[in-house]
Amino acid sequence: MVLLGFITRPPHRFLSVLCPGLRIPQLSVLCAQPRPRAMAISSSSCELPLVAVCQVTSTPDKQQNFKTCAELVREAARLGACLAFLPEAFDFIARDPAETLHLSEPLGGKLLEEYTQLARECGLWLSLGGFHERGQDWEQTQKIYNCHVLLNSNGAVVATYRKTHLCDVEIPGQGPMCESNSTMPGPSLESPVSTPAGKIGLAVCYDMRFPELSLALAQAGAEILTYPSAFGSVTGPAHWEVLLRARAIETQCYVVAAAQCGRHHEKRASYGHSMVVDPWGTVVARCSEGPGLCLARIDLNYLRQLRQHLPVFQHRRPDLYGNLGHPLS
């Protein structure tokens, strides 16, 4: 049992305030780092939208996975979050491609209906970070999409993004991964979506290694980038936080990264360390070890002030290096 951390930003300092009245298992561990005085603002933290980042250990058992996720979402709603983020493969992590295809469902299937009802019950938005989707071309391809689904508080699907960069890699010590064995790459990016926390740009896991995607989303108006993930035990310690902070700094966006953690079955384990990074690159919320959630407030006034003081998008030189990350049409 650990204390719940809330983030506040009084003038000239950056503090984390512990609230002893709220206790839940494996809650956030917050990092507090000073910001430049020019960037400090006086917004009251209680006026800022609160988001919850859920960390789970998915297995091939879909119903048990749903029960675990639902408990975290209900706790997030109880604590006042307006939006809860679930990681990639929140629905299940199978032992092999054949089991992945067998367990997959269409967006109109039973599992998404359960999450639709959950969003309505709790009255909050849900970022479902990587659903194994049988698309309209399932009969022809016999492959699925890694689909990031965004539900509003009425349970309606307001956006879907199908992962465009598939993770086909061989990392020594981590084992090979060939996502394309069972998954088709998505054909396009999704324009940022307005939510109670801000305009969200959708991505999934391996996408974070491609800054062109994050730049395109930022130029299209994103204020929050989300990278639901299932990072491995070798790439996690080496690259996870570095990449997330880099994406936040270069786009001047909040970055929300819900992650899988722990051992899913005998063939696979994930790094965890779900976190929220602010536009200055500071990790403002971080999950403890094991399943749980962390909370952070999204301060869009701070984001706008930072972009005004450091207007990097006005200083870009596409005449020299091209327009990396073309704005979305």
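**Reading strands and pockets in a predicted model**

In this predicted model, strand 7 (residues 157-162) gives three residues, the largest share, to the lining of the second largest pocket.

Biologist: How much space lies in the second largest pocket, and which residues line it?

Modeller: About 160 Å³ of space lies in that pocket. The residues lining the second largest pocket are Glu133, Arg134, Gly135, Gln136, Tyr145, Thr160, Tyr161, Arg162, Pro187, Ser188, Leu189 and Glu190.

Biologist: How do the residues of this lining divide by character?

Modeller: Four are nonpolar, four polar and four charged.

Biologist: What is the volume of the largest pocket, and which residues lie nearest its centre?

Modeller: The volume of the largest pocket is about 980 Å³. Its lining comprises 41 residues, and Pro176, Met177, Cys178, Glu179 and Arg268 lie nearest the centre. The elements that each give two or more residues to this lining are helix 2 (97-103), strand 5 (125-133), strand 8 (168-171), strand 9 (175-178), strand 14 and strand 15. Strand 9 supplies the largest share, four residues. By character, the lining of the largest pocket divides into 18 nonpolar, 14 polar and nine charged residues.

Biologist: Strands 14 and 15 both appear in that list. In which sense do they pair, parallel or antiparallel?

Modeller: One looks for bridges between two strands and then for the sense of the pairing. Strand 14 (residues 261-265) and strand 15 (residues 268-271) pair in the antiparallel sense, over four bridges. For example, Cys261 has Tyr271 in strand 15 as its bridge partner. A hairpin of two residues joins strand 14 to strand 15.

Biologist: Where may one see strands that pair in the parallel sense?

Modeller: Strand 11 (residues 198-202) and strand 12 (residues 224-226) pair in this way, over three bridges. Here the bridge partner of Leu202 is Thr226, in strand 12.

Biologist: What is the order of the strands in the open sheet of six strands?

Modeller: To read a sheet, one follows its strands from one neighbour to the next. The order in this open sheet is 10-11-12-13-16-17, and the pairing is mixed. Strand 10 (193-195) and strand 17 (283-286) stand at the edges; each has a single partner strand, so one side of each is left without a neighbour in the sheet.

Biologist: By how many degrees are neighbouring strands of this sheet turned against each other?

Modeller: On average, and with direction ignored, neighbouring strands of this sheet are turned by 25 degrees against each other.

Definitions and conventions:
Residues are numbered from 1 along each chain as its sequence is written. This is a predicted model: local features need pLDDT of at least 70, side-chain atom pairs count only at pLDDT 80 or more; totals for chains, interfaces and linings use all residues. Side-chain values use heavy atoms; hydrogens and water are left out. Two strands pair if DSSP finds at least two bridges between them. Axes are lines fitted to C-alpha atoms, for helices over the stretch in contact, and angles run from 0 to 180 degrees between N-to-C directions. On a 1 Å grid over the protein atoms alone, a cavity is a set of points where a 1.4 Å probe fits but cannot get out, and a pocket is an open set with protein on both sides within 12 Å along at least five of seven lines; lining residues have an atom within 4 Å of a point. Grid points are joined across faces, edges and corners, and a volume is the space filled by probe spheres set on the points. Ala, Val, Leu, Ile, Met, Phe, Trp, Tyr, Cys and Pro count as nonpolar, Asp, Glu, Lys and Arg as charged, and the others, Gly among them, as polar.
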